[in-house]
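Here are some exercises on aromatic rings and the company they keep. Have a go at each one before you read the solution.

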Amino acid sequence: MEKNYGIDIWGDGNFIIKNSTVNINYAKRPSLLEIVSNVRERGYKGPLLLRFPHLIKKQIDTLYNEFHRAKKEFDYKGSFQAVFPLKVNQFPNFVNSLIEVSKEYNYGLEAGSKAELIIAMTHTPLGAPITVNGFKDKEMISLCFIAANMGHNITITIEGLGELETIIEVKQEFNMTVVPKIGVRIRLHSSGIGIWAKSGGYSSKFGLTSTELLEAYDLIKKHNLLKQLWMIHFHIGSQMSQINPLKKALREAGNIYAELKKRGAFALSAINIGGGLAIEYAQHQQTKEVNYTLVEFANDVVFLIKEIAKNKKIDEPDIFTESGRFIAASHSVLIAPVLELFSQDYQEKSLRLKEKNPPLIAELYALWNSINCNNAREYLHDALDHMESLLTLFDLGYIDLEDRSNCEILVNLIIKKSIVLLSDIAPSELQRLQNKIQERYLVNFSAFQSLADFWGLKQHFPMMPIDKLNTSPTNPATLWDITCDSDGEISFEDKTPLYLHNVDVTKDEYFLAFFLTGAYQEVLGMKHNLFTHPTEVVVNFDKNGDFQLEKLIESQNIIDVLEDLDYDRNYLDKRLKHQIEASSLINSTQKEELLGKLYLYLSENSYLKTIQAHNEN
Ligand SMILES: *Cc1c(COP(=O)(O)O)cnc(C)c1O
């Protein structure tokens with residue numbers, strides 16, 4: 001069975017399979033395995049988050065290029081600008097890379113809270129746009145005034161009338177000539193679709209209704225702020241799987257824009273279409289999530305706004321986007337070692353064949369040894385029949401436990417082999433067989449910490465082994481994370497099967513990679529069972545095309561994790577020390593030894609240490 005794990009569906013040309021490994025399709029095309037080995041040689045165990053700034057750059061380049069192309073194609077007069085919404089990923093190793101790779105674009109940041117605003121104020125180059133969305137109090141609006149007076153190009157997006165009143169109040173208190181620019185978020189009756197569609201539509205948490213918009217306009221005019229009012233904004237939800245809801249929203253927003261202009265909003269010159277540009281996470285054709293391309297998206301946006309401007313006889317507005325997922329998702333790859341396979345005993349070496357075996361066992365063994373593509377179907381059916389008979393014989397007391405074990409192992413091996421040999425098994429039979437031989441892989445990561453949307457929304461993330469891709473994987477796999485929660489399981493699905501290799505992880509390390517984890521997952525991640533953010537590293541490429549590992553941040557150690565929960569580290573320290581010293585079970589040399597061990601463990605992170613590979617020599 002040829003398996004590329006759908007890399008041609010979700011990979012976007014970022015990765016290639018070369019020899020037997022997954023390689024970065026960039027520079028000297030290093031394999032993920034090389035990079036991981038390099039980090040692990042430095043002593044870092046557990047899951048690893050790799051960040052690739054060149055993939056952030058690729059997304060930003062693509063976004064700007066497509067919009068510039070569409071503008072040219074439709075002879076569009078307004079400009080195209082973009083900001084990155086910080087809520088999608090606020091981690092410094094991401095944000096610093098983002099700023100670094102986007103220098104040529106005047107690319108800005110969007111903030112939705114005070115803390116995010118501080119990131120934006122300290123990381124956006126002066127002049128690049130900052131937009132501030134979400135609910136705001138007086139302090140947050142004051143921060144916007146401070147930013148404006150530092151020289152930042154900052155826009156407050158008004159989400160409700162109260163915020164506008166606060167802006168007026170703060171303006172009077174600050175009494176400075178420079179005032180932030182103003183945008184209004186409009187509440188559309190169109191809404192997105194899919195699991196993230198709650199941001200648009202009448203029931204949305206955000207935005208002004210038509211009535212409120214008219215009131216806001218009057219208030220803005222009365223307080224002499226019309227020259228600040230330059231943008232209208234909407235956002236119909238994340239991961240838009242289809243383009244139609246956006247088109248509807250654009251028509252609605254475009255007409256609201258034109259109406260406000262006609263009313264006298266003379267400085268109004270931009271439409272901010274929010275985010276929502278989707279990413280293809282599917283590994284199978286039948287579960288594809290996105291039905292449009294970026295080319296189509298850019299064309300539709302530019303064309304529709306142009307048409308409305310023409311009909312309403314107004315200038316073509318600047319177009320703003322706040323795409324987050326599209327920019328960030330592909331930049332990080334989570335790599336996690338497999339710790340154990342739970343049915344490893346179904347291996348040839350576990351057989352306990354006797355001098356003289358029951359005839360059906362001998363027959364199974366012969367089938368296993370001579371199965372090939374010509375006889376596979378017949379042998380498979382024979383094996384399944386024999387198993388039924390052998391289990392009955394066991395129940396009746398005619399064969400012993402060793403015979404039964406031999407039967408299970410041999411049938412398991414025969415099924416696996418025939419799935420590989422037979423390319424035309426009927427789906428229903430395949431399903432039955434897969435369920436019989438499912439293998440559970442214990443993986444050293446936390447789904448709660450690293451794939452939060454899988455846990456919360458059943459969002460699928462592409463996953464595959466990073467090695468052994470020259471051999472066919474034979475095991476239908478269910479993944480277990482190391483939390484002791486049954487929700488931390490990615491179960492085998494008949495319709496979208498994940499096959500992994502049959503490996504002995506005590507001899508040979510086996511790593512799984514989870515892709516497209518760069519958007520939302522990191523900050524949504526929970527410390528369930530106190531597993532924290534994995535060790536991360538930025539992978540850059542030098543002039544020669546060699547990869548360089550930079551800015552490595554190790555996963556928090558145990559004592560820091562506890563301190564973060566507000567445990568007093570001195571108390572923990574004293575208690576542990578005291579309990580060892582006061583123990584009457586051990587002598588003083590042993591006490592020292594235990595203390596030494598204890599401190600070592602406390603200084604390490606809480607992920608499991610991979611089972612050490614046996615040295616070959
Ligand atoms: C979340 C959000 C975005 C980003 O959405 P993506 O789907 O990640 O592109 C943009 N704008 C606003 C207002 C948001 O709330």
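**Charges over rings**

The charged end of Lys458 sits over the ring of Phe454, 4.6 Å from its centre. Keep in mind that this is a predicted model.

**Exercise 1.** Find the ring that the charged end of Arg404 sits over.

*Solution.* Start at Arg404 and look for the ring under its charged end: that ring belongs to Phe394. The charged end of Arg404 is 5.0 Å from the ring centre.

**Exercise 2.** Work out what kind of aromatic pair Tyr64 and Tyr107 make, and which parts of the chain they tie together.

*Solution.* Step one: a pair of aromatic rings is described by the distance of the centres and the angle of the planes.

Step two: there are 21 aromatic pairs in the structure. In the pair of Tyr64 and Tyr107, the ring centres are 6.1 Å apart and the planes are at 75°. Planes over 60 degrees apart count as edge-to-face, so this pair is edge-to-face.

Step three: place the two residues. Tyr64 is in helix 3 (residues 53-73), while Tyr107 is in the loop between helix 4 (92-101) and strand 5 (108-111), so the pair ties together parts that are 43 residues apart in sequence.

Step four: check the surroundings. Tyr64 and Tyr107 are both buried.

**Exercise 3.** Do the same for Phe342 and Trp480: what kind of aromatic pair do they form?

*Solution.* Distance comes before angle here too. The centres of the Phe342 and Trp480 rings are 5.0 Å apart, with 50° between the planes, and the pair is tilted.

Now for the chain. Phe342 lies in the loop between strand 12 (332-341) and helix 12 (359-370), and Trp480 lies in strand 15 (residues 475-480), so their pairing ties together parts 138 residues apart in sequence.

Finally, are they buried or exposed? Partly exposed covers the range between 20% and 50% relative accessible area. Phe342 has 36%, so Phe342 is partly exposed. Trp480 has 28%, so Trp480 is partly exposed as well.

**Exercise 4.** Name the residues that form one aromatic cluster with Tyr64 and Tyr107.

*Solution.* Begin with Tyr64 and Tyr107, then add Phe67, Phe80, Tyr105, Tyr292 and Phe297 to complete the cluster.

**Exercise 5.** Zoom out: how many helices and strands does the protein chain have, and what share of its residues is buried?

*Solution.* Take the secondary structure to begin with: the chain has 21 helices and 20 strands. Then turn to burial: of its 617 residues, 55% are buried.

Definitions and conventions
Residues are numbered from 1 along each chain as its sequence is written. This is a predicted model: local features need pLDDT of at least 70, side-chain atom pairs count only at pLDDT 80 or more; totals for chains, interfaces and linings use all residues. Side-chain values use heavy atoms; hydrogens and water are left out. Rings of Phe, Tyr and Trp (its six-membered ring) pair if their centres lie within 6.5 Å; planes under 30 degrees apart count as stacked, over 60 as edge-to-face and the rest as tilted. Helices (H or I, at least four residues) and strands (E, at least two) are DSSP runs, numbered from the N terminus. Buried means under 20% relative accessible area, exposed over 50%, partly exposed in between (1.4 Å probe, protein chains only). A charge sits over a ring if NZ of Lys or CZ of Arg is within 6 Å of the ring centre and within 35 degrees of the ring normal.
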